[in-house]
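Thanks for coming. I will go through one structure today, taking one helix and its surroundings, then a helix pair, then a database entry.

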Amino acid sequence: MKLPLSLLNPNMSSGSGSLIWFRKGLRIHDNPALEYAARGSTCVYPLFVIDPHYMEPDPNAFSPGSTLAGINRIRFLLDSLADLDSSLKKLGSRLLVLKGEPGEVLIRCLNEWGVKKLCFEYDTDPYYQALDNKVKNRASAAGIEVFSPVSHTLFNPADIIEKNGGRPPLTYQSFLKLAGEPSWACSPLSVELSSIPPVGNVGRCEILQVPTLKELGYVEEDQDEFTPFRGGESEALKRLRETLSDKEWVANFEKPKGDPSAYIKPATTVLSPYLKFGCLSSRYFYQCLKDVYKNVKRHTSPPVSLVGQLLWREFFYTAAFGTPNFDKMKGNKICKQIPWNDDDKLLAAWREARTGFPWIDAIMVQLRKWGWIHHLARHSVACFLTRGDLFVHWEKGRDVFERLLIDSDWAINNGNWLWLSCSSFFYQECLLFQQYNRIYSPVSFGRKYDPNGNYIRYFLPMLKDMPKEYIYEPWTAPLSVQTKAKCIIGKDYPKPVVSHDSASKECKKRMGEAYALNQRLNGVVSEEELRKLRRKFDEGDEEQEPKPKRLRQKLTD
């Protein structure tokens, strides 16, 4: 849909105009790039570019969505853009939406509109690093001022790396010592704008309204349930206010504690998707938390506090920014080289909630339907896929999370999969999570939070009538009980794809051998060495006797 010309100012001179390029940072509050674009300008062009590769439907993907993103995240983004457009209109402006390859579109707009300033929030993701360098070079050559402030994170990762002698710190505590207090922390942030100069003449550029899912080509019926979390700055600030209103909860927040089975009212802030898209400023969130801490008698501290969680985010951003091939095992100097299984059937069973372990499958259903799961639920399914039971490559699981999560963030998603698969750093800091022989039981871990299995009953309705004694391991229920519950295992719900007891023992053994190989070769493991270890694992599989599946699992976490 084209933008009505009545909403533009065709007489506005573009000689002192600015272009604010939105990517993340989809907000008005604490937006230094927007403020700078507005300062001293006769007109401002607020631009968002729809990248077809990111937003056009891909019928070949394993879930509704584009090539790179599931439909829940695209919907969350569209909500956020519509909210940003509404906020800009209240300030006398509006969001200009164009479609195409972002670099090409932006360069065309710079040429067409004749602006003097180009402003956009600094982004550390490799995709944007390459794109931004291309655009900045073109703008500078044309004599256009470029302003790209760091405001998506609390710190500039490059500064932390420089303090550490050119290398990213690889432990949380060393990161904290280097980072200290943010330089801006004691200064008031600008959280309101009274007005923005109007939009100038857009010339021949075909401006669109913020599209709907349908206008992008999606059939909403393809998704049987959408995320209950709506995108946008307005929703982010509302959720922030609700969180801060319970000062005792904020002061006592302690990760990793919390109930991963709580779905009606999640046992956490659910602010991560708003931070991911920049609908909520992490800097503003940080200051708000510090204000709460000042007014309570006692509060938790990093790494477990809410401020500690923001600092974990910074840690991952810094590690990712300073580590080549951070999103891969091969060529990644901080990643253990492990000969993971390449088993697409096991991967598909995990991805499609067909593992036969209700706790794991219920989490994966919530992920597909809602695009969000509790952090301990993420830990459970990541451990199960990799070092706990299936020994499938962490990159495969990372790809599923990257697609389906509404809060999928390149640095944090990769960092967490490296962490939870015990492929990289951190393990010396937090024994609960990082020793590879400490495994989340796919049976007992969920049961300790939700003995009745209400979470499973909600997301796996075929098991809703299963007695609580069997809800976490229904394959152990007598046939008479399965019949009464109208759920025959192997027919109405799958049998377990592995025996947890034997699979977890085998995974520990493999991790031990892979670690020993990495230590012996000082982390420089060749393809041939990995193949040898892979063959050894495969031969061991062939020699093993079949294991009985009717086993009672015990909690090993």
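A polar contact here is a pair of N or O atoms within 3.5 Å; within protein, one must be able to donate a hydrogen and the other to accept it, and residues adjacent in sequence count only if both atoms are side-chain atoms. This is a predicted model, in which local features need pLDDT of at least 70 and side-chain atom pairs pLDDT 80 or more, while totals for chains, interfaces and linings use all residues. Residues are numbered from 1 along each chain as its sequence is written, and side-chain values use heavy atoms, leaving out hydrogens and water.

Helices (H or I, at least four residues) and strands (E, at least two) are DSSP runs, numbered from the N terminus.

Start with helix 13, residues 344-351. D343 caps its N-terminal end, with a side-chain oxygen 3.1 Å from the backbone nitrogen of K345. Just after helix 13, A353 has a positive phi of about 60°.

Is helix 13 enclosed or open, and why? Six of its eight residues are buried (under 20% relative accessible area, 1.4 Å probe, protein chains only), so helix 13 is largely enclosed by the rest of the structure. Those buried are L346, L347, A348, A349, W350 and R351. Their cover includes helices 14, 15, 16 and 17.

Helix 15 (375-388) also packs against helix 22 (500-520), at about 60° with axes 10 Å apart. Axes are lines fitted to C-alpha atoms over the stretch in contact, and angles run from 0 to 180 degrees between N-to-C directions. T386, R387 and G388 meet A503, S504, C507 and M511 (heavy atoms within 4.5 Å).

Last, UniProt's unreviewed entry lists residues 16-154 as "domain: Photolyase/cryptochrome alpha/beta"; such annotations may be inferred rather than shown by experiment. That span is 42% helix and 17% strand, with its end C-alpha atoms 31 Å apart.

Methods: Buried means under 20% relative accessible area, exposed over 50%, partly exposed in between (1.4 Å probe, protein chains only).
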